[in-house]
Amino acid sequence: MNRTPLDHLLTWSGRILVALILGFVLLPFVVVLIASFNHSSILTFPPQDWSLRWYAHAFEYDDFADGVKNSLIIAAFGSTLALVAGTGFAYVLNRYEFRGKATLHAVLMSSLVIPNFTIGLGLLILAASVSIPRSMGLLVFLHITIVLPFVVRSVYVSLQNFERQLEAAAESLGAAPRRVLFTVTLPLLLPGLAAGWLFAAILSFNEFTASLFLVNQRTQTLPVAMYNYVREYADPTLAAVSVIYVVAVAAMLILAHIFFRLEKVLNVD
C-alpha cells in the first residue's frame, strides 16, 4: 500500500517526539556522567580538567562499601522472600475464586498507593511500641512490604499468559500434581519469576525514603550512605557513584531481557 505524505509526516513526527522524550529523560544522567570526570574537588559543569580520581575515591570510601554490602544483603533476602510469598498469592488469585478475593488483592497492592516514607514511619512507630530494635531483619521486612506488589503483578501476568492445556496434558498422561508443578508449571513460569525477583531486587536496592527511618550506622544502605555523604561533602564522588549505580542496574536489566525476554513477562510487544 502506497503511503501518503501525511503518513510519512506522522511517522517522522512520532520518531522526533520519542527522541525528544528520551533526550529529556537521559539529560540529567548525561550531566552527572560528564560531571563525574571533573578533576576539581568543586563540582562544576562542564569540567575544566578531566580525571577518574572520584571513581577511585568512591571505591575507597568505607561507608559506601558497607552500604553496598548491606543493600545487597537486604535486596537478596527481601526479594527472595517476596518472590516466595508473591508467587503464592499470585497463584491463589489466578487459580481460585473465593470470598474476599478482591479485598486480598487490594491489601496486596496497598503499598503502591501509600508513600514509602509513611510505610517507614509507621513501621518505626510499631517497632518502637513493641520494643523491636532497628535491625537488619526489620529492614528486610520493610523491603518485602514495599516490593511485594511488583512481584505479585509480575507473576500474575505470567499466570494469565500460561497455557493450562499443558498442565492438563501432563495430568492426562498420569503425572502426579507435584510432578506437574515442578516439571511443567514452574519451568514455564521461570521468566516471570526471574523478572519479578529482579524488579524486586532493583527496587529494594534503590529504596531510600522508608529505609531512612529504620537504618542505623551499622545497617545503613547505599542510598542512605549517599544521602549522608552529600550532606557533608560537595565533591564529584556522588556523581561517580551515581554513574556506577546506573550502569550496574542497566546491565542487570539488559541481561535479564536477553535471557528472559521481558516483553513477554510484561505482556508487551
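## A walk through an all-helix model

Let's begin on the outside: the protein chain exposes about 16200 Å², and carbon and sulfur atoms supply 70% of that area (areas come from the Shrake-Rupley method with a 1.4 Å probe, and for residues only the protein chains shown count as cover). Bear in mind that this is a predicted model, where local features need pLDDT of at least 70, side-chain atom pairs count only at pLDDT 80 or more, and totals for chains, interfaces and linings use all residues. Residues are numbered from 1 along each chain as its sequence is written, and side-chain values use heavy atoms, with hydrogens and water left out.

As for the fold, the protein chain has 12 helices and zero strands (DSSP runs numbered from the N terminus: H or I of at least four residues for helices, E of at least two for strands). The C-alpha trace spans about 75 × 70 × 30 Å along its principal axes. Of the 269 residues, 36% are buried (under 20% relative accessible area; exposed is over 50%, and partly exposed lies in between, with a 1.4 Å probe and protein chains only). Take the contacts between residues at least 6 apart in sequence: 68% of them join residues at least 24 apart (a contact is heavy atoms within 4.5 Å).

Now look at helix 1, residues 5-35, where you'll find Leu26. Leu26 is partly exposed, at a relative accessible area of 47%. Leu26 also belongs to a nonpolar surface patch, whose members include Leu17, Phe24, Val30 and Phe45 and together offer about 1100 Å² of accessible area. To join such a patch, a residue needs over 30% relative accessible area and no salt bridge; nonpolar side chains (Val, Leu, Ile, Met, Phe, Trp, Tyr) are linked within 5 Å, like charges within 9 Å. A salt bridge here is a side-chain nitrogen of Lys or Arg within 4 Å of a carboxyl oxygen of Asp or Glu.

Next, a helix pair. Helix 4 (residues 101-109) packs on helix 6 (residues 136-160) at an angle of about 125°, with the axes 8 Å apart. That makes helix 4 oblique to helix 6, because under 35 degrees counts as roughly parallel, over 145 as roughly antiparallel, 65 to 115 as roughly perpendicular and the rest as oblique. Axes are lines fitted to C-alpha atoms, for helices over the stretch in contact, and angles run from 0 to 180 degrees between N-to-C directions. His105, Leu108 and Met109 of helix 4 meet Leu148, Pro149, Val152 and Arg153 of helix 6.

Val152 leads us on to Thr87: these two are 65 residues apart in sequence but 6.3 Å apart in space, C-alpha to C-alpha. Thr87 sits in helix 3, residues 62-95, and is buried, with a relative accessible area of 18%. Leaving aside residues up to four places away in sequence, Thr87 touches Ala82, Val155 and Leu193.
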